[in-house]
Amino acid sequence: MNDGDEVLQVAAEVTSTIAAAAAAAHPRETGGILLGWWLEERVIVRHAVEVPDPDATRTSWTRDHDTAQAALQVALSDQGNPWLGYVGDWHSHPGACGVSSQDLASIQHASDQYDQPLVLLVHRADGLVEAVVTESASHPLIRGLIPGTSGKATT
């Protein structure tokens, strides 16, 4: 992620989980929540959990709060790591686009509820994963690509 490397660390398991979910959902969007923790100025992302949207389309996926909360509780119970918590969202874009202005506005708005920055990961049609770390008191909005993502189409 270049400039964001000092701010964001994403486990390889996260991007492989997202790629598999995106391929299974294609040609519709899918998405979910990211689990991890904050360490000083850095966001550590260790798990991606899918939160299905039965009404997802080629151009939209909506995270239902109650469904996401239930998925979060199950994942936290399964993982048993006291450091884990919600650190952001992810979703796929089956079309040829990356993070949209609506995506940026949504994650920045959601981050207003937290003292720490949130992360948004978007799995693109070319197989790359684009990351956003929301603006916070300690750094500006950061965008970039996650190194090591395939760069291959998932269709």
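Helices, of at least four residues, and strands, of at least two, are taken here as DSSP runs numbered from the N terminus. In the predicted model, Glu 29 is placed in the loop between helix H1 (12–25) and S2. Glu 29 is buried but takes part in no salt bridge. Its nearest side chain of opposite charge, that of Arg 58, is 10 Å away, whereas a salt bridge requires a side-chain nitrogen of Lys or Arg within 4 Å of a carboxyl oxygen of Asp or Glu; the separation from Arg 58 is therefore outside the cut-off. The side chain of Glu 29 instead reaches the backbone nitrogen of Trp 61, at 3.2 Å. Apart from neighbours within four places in sequence, the contacts of Glu 29 comprise Ala 56, Thr 57, Arg 58, Thr 59, Ser 60 and Trp 61, together with His 91, Ser 92, His 93 and Pro 94.

Strand S4 spans residues 85–92, and 8 of its 8 residues are buried. Strand S2 (residues 31–39) pairs with S4 in the antiparallel sense over 6 bridges, and Gly 32 has Trp 90 of S4 as its bridge partner. The pairing of S4 with strand S5 (residues 119–123) is parallel and extends over 5 bridges; Asp 89 stands opposite Leu 120 of S5. Together with helix H3 (residues 101–111), S4 and S5 make a right-handed β-α-β unit.

Side chains of opposite charge can pair when their charged atoms come close. The salt bridges in the model number 4. One of them joins the side chains of Arg 63 and Asp 89, with an N to O distance of 3.2 Å. Because Arg 63 belongs to the loop between strand S3 (42–50) and helix H2 (65–79) while Asp 89 belongs to strand S4, this pair ties together parts that are 26 residues apart in sequence. Arg 63 has a relative accessible area of 30% and is therefore partly exposed, whereas Asp 89, at 10% relative accessibility, counts as buried.

Arg 124, Asp 126, Glu 130 and Arg 143 are linked in a network of salt bridges. Within this network, the closest N and O atoms of Arg 124 and Glu 130 are 3.8 Å apart, and both Arg 124 and Glu 130 are buried. Glu 130 also forms a salt bridge with Arg 143, at 2.8 Å from N to O. The latter pair links distant parts of the chain, with Glu 130 in strand S6 (residues 129–133) and Arg 143 in strand S7 (residues 142–145), 13 residues apart. The relative accessible area of Glu 130 is 9%, so this residue is buried; Arg 143, at 41% relative accessibility, is partly exposed.

Val 51 is located in the loop between S3 and H2. With a relative accessible area of 1%, Val 51 is buried. Although Val 51 and Gly 31 are separated by 20 residues in sequence, their C-alpha atoms lie 6.0 Å apart in space. When neighbours within four places in sequence are left aside, Val 51 is in contact with Gly 31, Gly 32 and Ile 33, with Trp 61, and with Thr 67, Ala 68 and Ala 71. Trp 61 is thus a contact of Val 51 and is also listed among the contacts of Glu 29.

Notes:
Residues numbered from 1 in each chain as written. Predicted model: local features only at pLDDT ≥ 70, side-chain atom pairs only at ≥ 80, totals over all residues. Heavy atoms only, no water. Buried < 20%, exposed > 50% of the residue type's maximum accessible area, 1.4 Å probe, protein only. Pairing = 2+ DSSP bridges. Right-handed = clockwise from strand over helix to strand, strands pointing away. Lys, Arg positive; Asp, Glu negative; His and termini not counted. Polar contact = N/O pair within 3.5 Å; in protein donor to acceptor, adjacent residues only side chain to side chain. Contact = heavy atoms within 4.5 Å.
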